[in-house]
Amino acid sequence: MNYAGENIIFITLLSIVSVTLLVFTLKRCYRSYKNFEKLAKFDGPKVSSFLLGHWDLIAQTPEMLHTTLRQLAKKYYPHYNLRILHHSSVNILSPEDCEIILGTKKHSRKSVIYLLLLNWLNDGLLLSKGEKWTQRRKILTPAFHFSILKNFLAIFNEECEKIIEVINNKSSETMDVVALCSEFALYAINKSAMGHTLDPRDKEQLQYRDAIYSMGDIYIHRLARPWLHNPLLYFLSPTGRQEYKFLRILHNFTRTIIKKRMSTFENITEFEKLLKEKEVEDDEVYLSQKKRKLAMLDILLQAKQDGEQIDYEGICEEVDTFMFEGHDTTAVALSFCLMLIANHPAIQEEIYQEIKSVLENRKTPTYSDLQKMEYLERCIKESLRLYPSVYFISRITDEDAVLHSGLMCPEGTTINIQIFDVHRNPEIYPDPEKFDPDRFLPDNCQNRHPFAYIPFSAGPRNCIGQRFAMLEMKTLLVGILQRFKLIPVDTPETIVIRVELVIRAKNGIKVKFIPRN
Ligand code: HEM
């Protein structure tokens, strides 16, 4: 065939692809505009132009976007609609509406917003749906049973000691707690859930953490640009190519962990097998450093071996999901909590007294010690109310859903649940900006709507790692607070919040640590 013939074939193919793409896009736009028409009865800000919708509101810096979202929540409670080009959504703010959407399996499908994470997390537990999600959740749930968590406490205590050493070496200096907490959480999830000990000399883990931050920026950039939601256009864009670079870092890191664990998995001990089957009552046994720890990754490897419909790729997507969900969320929550405690000396003293009275002269808490620290738990809960790491989540209605106001979201509507604003509702939390752990005294929350507090989401697709996270957070806080007095450097007023995959403080969170005698 000559060049002219080849060119004709190429041009014909290109035209067919372009026309198909155009028809597909126009059809989607038409469907979305129809959907938006149906949502017109929902209140919301005025669109700046018919074509762009509220694009100008969303395409801002992550700091400004945070401020805008909070203003919209105040102005349009209990819900408002937003449209970016052809893509519209209803944003809900009241516990009643959260219950309608989250309290049922009917609307458990994740929205298009999550597809932006697909290249990274693939079809892991966070993104998967239907039968696959049900089956994976069933396989993974035992990995978070309290008898397994007890087993992890020794690891959390070990990792906590390393952080104490870092602080000791720099005590009385101002430190960025975000870096500290991120290191703690990454080591803890690796050693516990993955059964893998990170080598502090490996620079891959730093690259991994940096790549997660970069993915946060990329996510917000792409979110505000619906044309980049198209995988092909995204792949061809500079941001898409940048993401590809970060994905290689993220995936190489987790693949190395999986391969290392696979090579030793055959050597799983009888003790570990026993732990899988049997709840062990004595929590001191878990404090023994000689015992090997049961890893969540082992459960996946075992499921693969048992032919439970999980293959190597399936394991990779779960490890990517758990490494991200199980490290960054907790690190963020811990950092904000340390800042709040530093800024409230009376509350800090009360936590210190509780730790002293439970531990007496011991330094290392057992599982049951941590269960007794109710005041500390209330402080963590209140901190997660004010700074929920996962500040919003999103769903698609699987059928028409009537909200508390009587307005209807037709099947296929994207619903954004603005957790940050649900938690700052002054009707439910008077003086909502105030850090007041007593809001979580049993008497004070018994009449509260169950969906008024949802840092771990709620309903069938709630956070599988919430007890893991609470245990991990308590361990680090006990370790730090019994040895250091926290002095505030940053305050809730000085930090600048930005929204990414999780909320972050733009310039980190600084705290000073003074050793206690
Ligand atoms: C303070 C720490 C944490 C917070 C605030 C948090 C919050 C959340 C929230 C809000 C969701 C729902 C997401 C959605 O519906 O889109 C979620 C889901 C999830 N979380 Fe967490 N999380 C935390 C810690 C953890 C930890 C430690 C792990 C694992 C070790 C974990 C693993 C997961 C997974 C796998 C899901 C998806 C569950 C599913 O869809 O079945 N999270 N988390």
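These are my notebook entries on what I looked up in this predicted model.

**Entry: salt bridges**

I began with charged pairs. My search of the whole structure turned up 26 salt bridges. I picked a few to look at one by one.

Lys 132 pairs with Asp 123 through their side chains, at 3.3 Å from N to O. I looked up the exposure of both partners. Lys 132 is partly exposed, at 28% relative accessible area, and Asp 123 is partly exposed too, at 29%.

Next I went to Asp 369 and Arg 362, whose side chains form a salt bridge at 2.8 Å, N to O. Buried or exposed, I asked of Asp 369? Asp 369 counts as buried, with a relative accessibility of 3%. Arg 362, on the other hand, is partly exposed at 37%. I noted this bridge as a link between a buried residue and a partly exposed one.

Then came Arg 385 and Glu 382, which meet in a salt bridge of 2.7 Å, N to O. Where do Arg 385 and Glu 382 sit? Both belong to helix 19, residues 374-386, and they are three residues apart, so about one helical turn separates them. Both of these residues are buried.

I also found a network. Salt bridges link Glu 63, Asp 217, Asp 328, Arg 498, Glu 500, Arg 504 and Lys 506.

**Entry: a nonpolar patch on the surface**

I turned to the surface and looked for nonpolar patches. One of about 480 Å² is built from Val 17, Leu 21, Leu 232, Phe 235 and Leu 236. Which helices supply at least two residues each? They are helix 1 (3-38) and helix 11 (231-236). Helix 11 gives the largest share, three residues.

I checked one member by itself. Val 17 lies in helix 1 and is partly exposed, with 45% relative accessible area. Residues need over 30% to join a patch, so Val 17 at 45% clears that cut-off.

**Entry: around the ligand**

Now for the ligand. I counted 29 residues around it, and the nearest are Tyr 114, Trp 133, Arg 137, Arg 395 and Cys 463.

I wrote down three polar approaches. In Tyr 114, a polar side-chain atom is 2.6 Å from a ligand oxygen. Trp 133 also has a polar side-chain atom beside a ligand oxygen, at 2.8 Å. With Glu 325 the ligand atom is a nitrogen, and an N or O atom of the Glu 325 side chain is 3.1 Å from it.

**Entry: cysteines**

How many disulfides are there? My count came to zero. I wanted to see how far apart the sulfurs were. Cys 98 is in no disulfide, and the nearest cysteine sulfur to it belongs to Cys 409, 12 Å away. Cys 98 is buried, with a relative accessible area of 0%.

Cys 337 is in no disulfide either; its nearest cysteine sulfur is that of Cys 379, at 6.8 Å. A disulfide needs the two sulfur atoms within 2.5 Å, so a pair at 6.8 Å does not qualify. Cys 337 is buried as well, at 3%.

**Entry: a buried glutamine**

I stopped at Gln 348, which I located in helix 17, residues 345-359. Gln 348 counts as buried, with 3% relative accessibility. What does its side chain meet? A polar atom of the Gln 348 side chain lies 2.7 Å from the backbone nitrogen of Leu 486.

**Entry: backbone oddities**

Last, I went through the backbone. As a reminder to myself, most residues other than glycine have a negative phi, and most peptide bonds are trans.

Which peptide bond is cis? The one from Tyr 77 to Pro 78 is, with omega near 5°. Pro 78 sits in the loop between helix 3 (62-76) and strand 1 (79-84).

I also noted two positive phi values. Asp 431, not a glycine, has a phi of about 50°. Asp 431 is in the loop between helix 20 (419-422) and helix 21 (442-445), and at 51% relative accessibility this residue counts as exposed.

Ser 457 is the other one I wrote down, with a positive phi near 60°. I found Ser 457 in the loop between helix 21 and helix 22 (466-483). Ser 457 counts as buried at 14%, whereas Asp 431 counts as exposed.

Terms used: Residues are numbered from 1 along each chain as its sequence is written. This is a predicted model: local features need pLDDT of at least 70, side-chain atom pairs count only at pLDDT 80 or more; totals for chains, interfaces and linings use all residues. Side-chain values use heavy atoms; hydrogens and water are left out. A salt bridge is a side-chain nitrogen of Lys or Arg within 4 Å of a carboxyl oxygen of Asp or Glu. Buried means under 20% relative accessible area, exposed over 50%, partly exposed in between (1.4 Å probe, protein chains only). Helices (H or I, at least four residues) and strands (E, at least two) are DSSP runs, numbered from the N terminus. Patches are made of residues with over 30% relative accessible area and no salt bridge: like charges are joined within 9 Å, nonpolar side chains (Val, Leu, Ile, Met, Phe, Trp, Tyr) within 5 Å. Accessible areas come from the Shrake-Rupley method with a 1.4 Å probe; for residues, only the protein chains shown count as cover. A residue is near a molecule or strand if one of its heavy atoms lies within 4 Å of it. A polar contact is a pair of N or O atoms within 3.5 Å; within protein, one must be able to donate a hydrogen and the other to accept it, and residues adjacent in sequence count only if both atoms are side-chain atoms.
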